[in-house]
Amino acid sequence: MKIDARLSAESIPLRDVPRTARAAEALGLDALWSSETAHDPYLSLALAAEHTRTIQLGTAIALAFPRSPMATAYTAWDLQALSGGRLLLGLGSQVRGHIERRFSVKWEAPAARMGEVVRSLRAIWECWQKGGPLDFKGQFYSFSLMTPFFAPKPIEHPHIPIFISAVNPLMLRLAGERCDGVHVHPLHTVRYVREVALPAIMEGARKAGRRRQDIELASMAFVVTGRNREEMERSRQAVRKQIAFYASTRVYKIVLAVHGWEALTPRLGQMAAEGQWDAMANEVTDAMVEEFAVTGAPEEIGPRLKAKYEGVLDRVALYFPYIPGQQEEVWRSVVRAAKG
């Protein structure tokens, strides 16, 4: 099991990315993942790539639909070359409200459209690496023009692994059929992964003649930890708030339904609409926290994370970002447990 970390632009300014990436690599982390929230997900990876040598660098996730696949292809190609083949391109669809109202992009058939994004990226990269005409025609995207002036040169590591974020069966099947990996949403339980996510992934994999080991399952784990009761309770309350925030969105109802908690989603959704953000956390029970999070003293998190996820996920990151000097005991415990 690989241990990764979040590279958070909200917590770490761009000028501190090189120092953070070097520290993560020295600690023994396997990958740093940037996300697309309030900042561009690619810029920090360029800085990290320049100042590291071995740690993998990925997006978890970059939004696929607001950008043309051609624009994504150029950025990924350059990052792959800069990093010497260490890029993990993680793409996500987001939800309809954000795509239409925040990005002013049409929302349509997200799983089918994502499938075309993946296939068109590979067609573009093959054109650049091997030469020859670009000829991709789909329902949502068509690419048929690539002249030498606009074609990047071949690179040493042309295969760029593509991960997609997936919650529901359609997207999970797509991940199994066409992707190198899948980002399981942080709002997950082991039971959801085993009973919903993995069967759907394997259905897609079998369709393409692929095996379980051909697809990496990656996710982030909520962590409740502290050195005393007060710190533990503060950490637990923060996790409650995060669970409540995600659980208020209808798309994640499928995760709650595995445990019979699906009635919580409309209740939290109504509270969110009324702006009751703090009160929402009170709807999340201790039993839910135990299912969604890893709990323990700092030195216990590593062994408990490994016990929970080994054989379930291939890559695990802690939900809180990696910041040198913060939660060091937890990070060392996790790396030590994973690497024996």
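**Backbone features, buried positions, pockets and a cavity**

Gln94 is placed in the loop between β5 (87-92) and α4. In this predicted model, the phi angle of Gln94 is near 60°, a positive value in a residue other than glycine, and with a relative accessibility of 28% the residue counts as partly exposed, because the partly exposed class lies between the 20% limit for buried and the 50% limit for exposed residues. Ala109, found in the loop between α4 and α5, likewise has a positive phi in a residue other than glycine, here near 35°, and Ala109 is partly exposed, its relative accessible area being 41%. A cis peptide bond, with omega near 5°, leads from Ala60 to Ile61, and Ile61 lies in the loop between β3 (56-59) and β4 (62-63).

Gln94 also appears in the description of the largest pocket, where Gln94, Val95, His185, Tyr246 and Tyr252 are the residues nearest the centre, out of 50 that form the lining. The volume of this pocket is about 1,700 Å³. Helix α4 (residues 96-102) supplies the largest share of the lining, with five residues, and by class the lining of the largest pocket consists of 27 nonpolar, 14 polar and nine charged residues.

The second largest pocket has a volume of about 370 Å³. Its lining is made up of 15 residues, among which Val223, Ser235, Ala238, Phe320 and Gln327 are the closest to the centre. Two or more lining residues of the second largest pocket are given by each of β10 (216-224) and α8 (229-247), and α8 gives the most, with six residues. The lining of the second largest pocket divides by class into seven nonpolar, five polar and three charged residues.

Turning to enclosed space, the count of cavities of 30 Å³ or more comes to one, and the largest cavity holds about 40 Å³ of space. The residues that line this cavity are Leu7, Ser8, Ala9, Glu10, Ser34, Ser35, His39, Asp40, Pro41 and Ser44, and they comprise three nonpolar, five polar and two charged residues.

Ala9, one of the residues that line the largest cavity, is 127 residues away from Phe136 along the chain, and the C-alpha atoms of Ala9 and Phe136 are separated by 35 Å. Phe136 is found in strand β6 (residues 136-137) and has a relative accessible area of 7%, so Phe136 is buried, given that the buried class requires a value under 20%. When neighbours within four places in sequence are left aside, the contacts of Phe136 are with Glu116, Arg119, Ser120, Ala123, Tyr141, Ser142 and Phe143.

A further buried position is that of Thr189, which lies in the loop between β9 (181-184) and α7 (190-207) and counts as buried because its relative accessibility is 0%. Residues up to four places away in sequence not being counted, Thr189 touches Val255, His259, Glu291 and Phe292. The two elements that flank the loop of Thr189, β9 and α7, are also among those that cover the buried residues of helix α6, together with α5 (110-130) and β8 (162-166). Within α6 (residues 169-178), the buried residues are Met171, Leu172, Leu174, Ala175 and Gly176.

Helix α13 (residues 298-309) was examined for both its length and the arrangement of its buried residues. At 1.5 Å a residue, the 12 residues of α13 should span 16 Å, and the separation of 17 Å between its end C-alpha atoms agrees with this expectation. The buried residues of α13 are Pro298, Ile301, Gly302, Leu305, Lys308 and Tyr309. Seen down the axis of the helix, the buried residues of α13 fall within an arc of 145°, and they therefore line one face. In general, an α-helix has 3.6 residues a turn, so residues three or four places apart point the same way. Just after α13, Gly311 takes a positive phi of about 85°.

Notes: Residues are numbered from 1 along each chain as its sequence is written. This is a predicted model: local features need pLDDT of at least 70, side-chain atom pairs count only at pLDDT 80 or more; totals for chains, interfaces and linings use all residues. Side-chain values use heavy atoms; hydrogens and water are left out. Helices (H or I, at least four residues) and strands (E, at least two) are DSSP runs, numbered from the N terminus. Buried means under 20% relative accessible area, exposed over 50%, partly exposed in between (1.4 Å probe, protein chains only). Contact means heavy atoms within 4.5 Å. On a 1 Å grid over the protein atoms alone, a cavity is a set of points where a 1.4 Å probe fits but cannot get out, and a pocket is an open set with protein on both sides within 12 Å along at least five of seven lines; lining residues have an atom within 4 Å of a point. Grid points are joined across faces, edges and corners, and a volume is the space filled by probe spheres set on the points. Ala, Val, Leu, Ile, Met, Phe, Trp, Tyr, Cys and Pro count as nonpolar, Asp, Glu, Lys and Arg as charged, and the others, Gly among them, as polar. The expected span of a helix is 1.5 Å times one less than its number of residues. The arc is that of the directions from the helix axis to the C-beta atoms.
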